[in-house]
Structure formats: structure tokens, C-alpha cells
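Here is a short walk through one protein model. Keep the structure in view as you read.

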Amino acid sequence: GPVEAGALLALGEPFNPTEAARLSHLLNEVDEIAGALITGPRSQRVRGPVVVAVEEAQRVPVLLAYAQRLQSEDRNGIVLLLVADTQQRIAELKASIQRLPRSDADVTLAHALISRAVAGRGAAGILAEAVIRYQGGFAIAHLGRLIRAREQELKMLAQTLECPLLLLK
């Protein structure tokens with residue numbers, strides 16, 4: 001898939017909200033970039049699970065593989081955060097994921113409901129809150145219908161998140 005082929009962009013300094021427009025452009029327009037690793041100014045080395053936000057069941061195996069590679073002894077477990085705009089969609093996602101081949105990882109299922117009204121203002125806040133609520137030591141998300149690489153959302157993530165985020169296309 002495109003994740004294997006593209007390059008990941010890692011930002012050396014803490015990601016600063018003023019760089020959000022440029023990063024948004026890179027993620028949305030540059031096909032060679034498969035994703036970006038974002039570390040905001042509040043990021044610290046936190047012990048905690050890898051929180052994986054997912055909107056599409058077929059992306060789960062790839063995202064879990066990333067999560068397992070990022071898991072260290074001090075990051076206990078993986079939280080698979082199902083992101084959808086209706087309860088019905090969350091139930092469908094959960095059912096699809098349960099049909100996938102079992103992973104040997106220690107995975108906890110959780111969900112974040114992002115209503116259309118809230119998604120219009122940006123799903124980033126809900127995503128950031130969920131990562132913080134599950135005390136994530138690292139977060140992974142893929143860009144989808146609700147999680148987007150818009151300038152405002154990237155600013156919100158940079159200002160709120162307390163752990164690094166790997167944002168994949």
C-alpha cells in the first residue's frame with residue numbers, strides 16, 4: 001500500500017502551530033509523503049499505551065503493526081480507538097475488526113464518537129482528548145473522513161497532545 005511506498009516526515013523540533021499551514025499542505029498535496037510524526041510543545045516522554053485511532057477496519061492490520069513496533073517495555077498495551085460519527089458506524093467498525101485475524105498484541109477497544117456537527121469544527125480536539133484520557137504514551141492516526149490534516153486541526157493537536165503523534169495518509 002501507499003504507506004510502505006511513501007516517506008514519513010519527522011519534525012525535529014516540537015511542532016509549532018505557526019507551521020500548521022505548511023504541514024497541512026505537505027500532507028494534503030504531496031503524494032510522496034505518507035505521513036508525519038508530530039511532537040507538540042507539551043509533548044513529554046510519557047509511559048502509557050500506544051493509542052491507535054482508526055476510521056476504517058481495513059487499515060487496522062497496518063496500524064497495529066506500527067503500534068507493535070513502537071511499543072516499548074514502558075508502554076503497556078495498545079488502545080484501538082474506533083473513530084466514527086454515529087453509534088451504528090462504531091458498531092459496524094467493531095464487528096469488522098472482530099472478523100480480522102487475531103493479533104497477538106494486548107489490544108483494548110475504545111471509541112470516540114465525532115458527530116457531524118463537531119467534525120465541522122474539527123475532530124482533532126476529540127482525538128486529542130481521547131489520547132489524553134487513555135494516557136497514551138504515543139498516538140497513531142490515519143487521515144480519513146473525520147480525521148483530517150486541516151491547518152486548524154493540526155494546530156489543535158500540536159497545542160493539546162502530550163505525546164508524539166504519527167499521522168498517516
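Some terms come first. Ala, Val, Leu, Ile, Met, Phe, Trp, Tyr, Cys and Pro count here as nonpolar; Asp, Glu, Lys and Arg count as charged; the others, Gly among them, are polar. The model itself is predicted.

With those classes in hand, turn to the largest pocket. Its volume is about 260 Å³. The lining of this pocket has ten nonpolar, three polar and one charged residues. In total, 14 residues line the pocket, and those nearest its centre are Leu64, Ile97, Arg102, Ser103 and Val107. Which elements supply at least two residues each to this lining? They are α3, α4 (87-98) and β5 (107-113). Helix α3 gives the largest share, four residues.

Stay with α3, which spans residues 60-70. Its buried residues are Val60, Leu63, Leu64, Tyr66 and Ala67. They lie on the same side of α3, because they cover an arc of only 155 degrees around the axis. The spacing rule behind such a pattern is simple. An α-helix has 3.6 residues a turn, so residues three or four places apart point the same way. Leu64 is one of these buried residues, and Leu64 is also among the residues nearest the pocket's centre.

Now follow β5 into the sheet. Seven strands form an open sheet with mixed pairing, in the order β1-β2-β7-β6-β3-β4-β5. The edge strands are β5 and β1 (7-10), and each pairs on one side only. On average, neighbouring strands are turned by 20 degrees against each other, direction ignored. At the β1 edge, β1 runs parallel to β2 (residues 33-38), and four bridges join the two. In one of these pairings, alanine 10 has leucine 37 of β2 as its bridge partner.

Enclosed spaces come last. How many cavities of 30 Å³ or more does a search of the whole structure find? It finds two. The largest holds about 40 Å³ of space. Its lining consists of Ala123, Ala124, Leu127, Leu143, Ile147, Arg148, Glu153, Leu157 and Leu167. Two elements, α6 (124-133) and α7 (151-160), give two or more residues to that lining. By class, the lining has seven nonpolar, no polar and two charged residues.

The second largest cavity holds about 30 Å³. Ile38, Thr39, Gly40, Leu157, Ala158, Leu161, Cys163 and Leu165 line this second space. Six of them are nonpolar, two are polar and none is charged. Leu157 lines the largest cavity and the second largest cavity as well.

Key
Residues numbered from 1 in each chain as written. Predicted model: local features only at pLDDT ≥ 70, side-chain atom pairs only at ≥ 80, totals over all residues. Heavy atoms only, no water. Buried < 20%, exposed > 50% of the residue type's maximum accessible area, 1.4 Å probe, protein only. Arc of directions from axis to C-beta. 1 Å grid on protein atoms, 1.4 Å probe; cavity = no way out; pocket = protein on both sides within 12 Å on 5 of 7 lines; lining within 4 Å. Points joined across faces, edges and corners; volume = space filled by probe spheres on them. Pairing = 2+ DSSP bridges. Axes fitted to C-alpha atoms, helices over the stretch in contact; angles between N-to-C directions.
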